[in-house]
Amino acid sequence: MDKSMFVQIKAIGLGAFGEVSLVRKIDTTNHLYAMKTLRKADVLKRNQVAHVKAERDILAEADNEWVVKLYYSFQDRDN
């Protein structure tokens, strides 16, 4: 799985480490998702690796209507 499996529709928000975009998965379902893209260099520079990993773990494990569900997580050289 990688970023090329999604097509960006529009940017939703911009933060200190990256951006959140509305994307469509390129497959037979064409489901819509919010994709949060974090720049590794910014996360490392601000010493936030543990916080990013904790957020990912919480979103992956949470089963609550008030917490966003994590469907996919992947990385490349820069993000």
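Which residue forms a salt bridge with E55, and how far apart are the closest N and O atoms? I would like to start there this morning, and then walk through a few other places in the chain.

Before the answer, a word about what we are looking at. This is a predicted model, in which local features need pLDDT of at least 70 and side-chain atom pairs count only at pLDDT 80 or more, while totals for chains, interfaces and linings use all residues. Residues are numbered from 1 along each chain as its sequence is written, and side-chain values use heavy atoms, with hydrogens and water left out.

Now to the opening question. The partner of E55 is K36, and the closest N and O atoms of this salt bridge are 2.9 Å apart; the term stands for a side-chain nitrogen of Lys or Arg within 4 Å of a carboxyl oxygen of Asp or Glu. The pair links distant parts of the chain, since E55 sits in helix 2, residues 49–61, and K36 in strand 3, residues 32–38, with their positions 19 residues apart in the numbering. When I say helix or strand, I mean DSSP runs numbered from the N terminus, with H or I over at least four residues for a helix and E over at least two for a strand.

How open are these two residues to the outside? E55 counts as partly exposed at 31% relative accessibility, and K36 is partly exposed as well, with a relative accessible area of 47%. On this scale, buried means under 20% relative accessible area, exposed means over 50%, and partly exposed is what lies in between, using a 1.4 Å probe and protein chains only.

Let me stay with K36 for a moment. Not counting residues up to four places away in sequence, K36 touches E19, V20 and E55, where contact means heavy atoms within 4.5 Å. The side chains of K36 and E55 also make a polar contact of 2.9 Å, a term for a pair of N or O atoms within 3.5 Å in which, within protein, one must be able to donate a hydrogen and the other to accept it, and for which residues adjacent in sequence count only if both atoms are side-chain atoms. In the UniProt record, an unreviewed entry, the annotation "binding site" covers K36. The same kind of record, also unreviewed, places the feature "domain: Protein kinase" at residues 6–79. Please keep in mind that UniProt positions are given here in the numbering used for this chain, that feature names are shortened, and that annotations may be inferred rather than shown by experiment. Over residues 6–79 the chain is 26% helix and 32% strand, and the end C-alpha atoms are 15 Å apart.

A search of the whole structure finds five salt bridges, and I will mention two others. The side chains of D42 and R39 meet in a salt bridge at 2.6 Å, N to O. D42 is found in helix 1, residues 40–45, and is buried at 15% relative accessible area, whereas R39 is partly exposed at 36%. Leaving aside neighbours within four places in sequence, D42 is in contact with A16 and F17. The other pair is D78 and R77, whose side chains meet at 3.4 Å, N to O; here D78 is partly exposed at 41% and R77 is exposed at 72%.

Next, the start of the chain. M1 lies in the segment before strand 1, which covers residues 6–14, and is partly exposed, with a relative accessible area of 47%. Where does the chain come back to M1? M1 and F74 are 73 residues apart in sequence and 6.8 Å apart in space, C-alpha to C-alpha. Beyond its neighbours within four places in sequence, M1 is in contact with F6, K25, Y72 and F74.

Finally, a point about the backbone. Most residues other than glycine have a negative phi. Phi of N30, however, is near 55°, a positive value, and N30 is found in the loop between strand 2, residues 18–25, and strand 3. Phi of N47 is likewise near 55°, with N47 placed in the loop between helix 1 and helix 2. N30 is partly exposed at 37%, while N47 is exposed at 65%.
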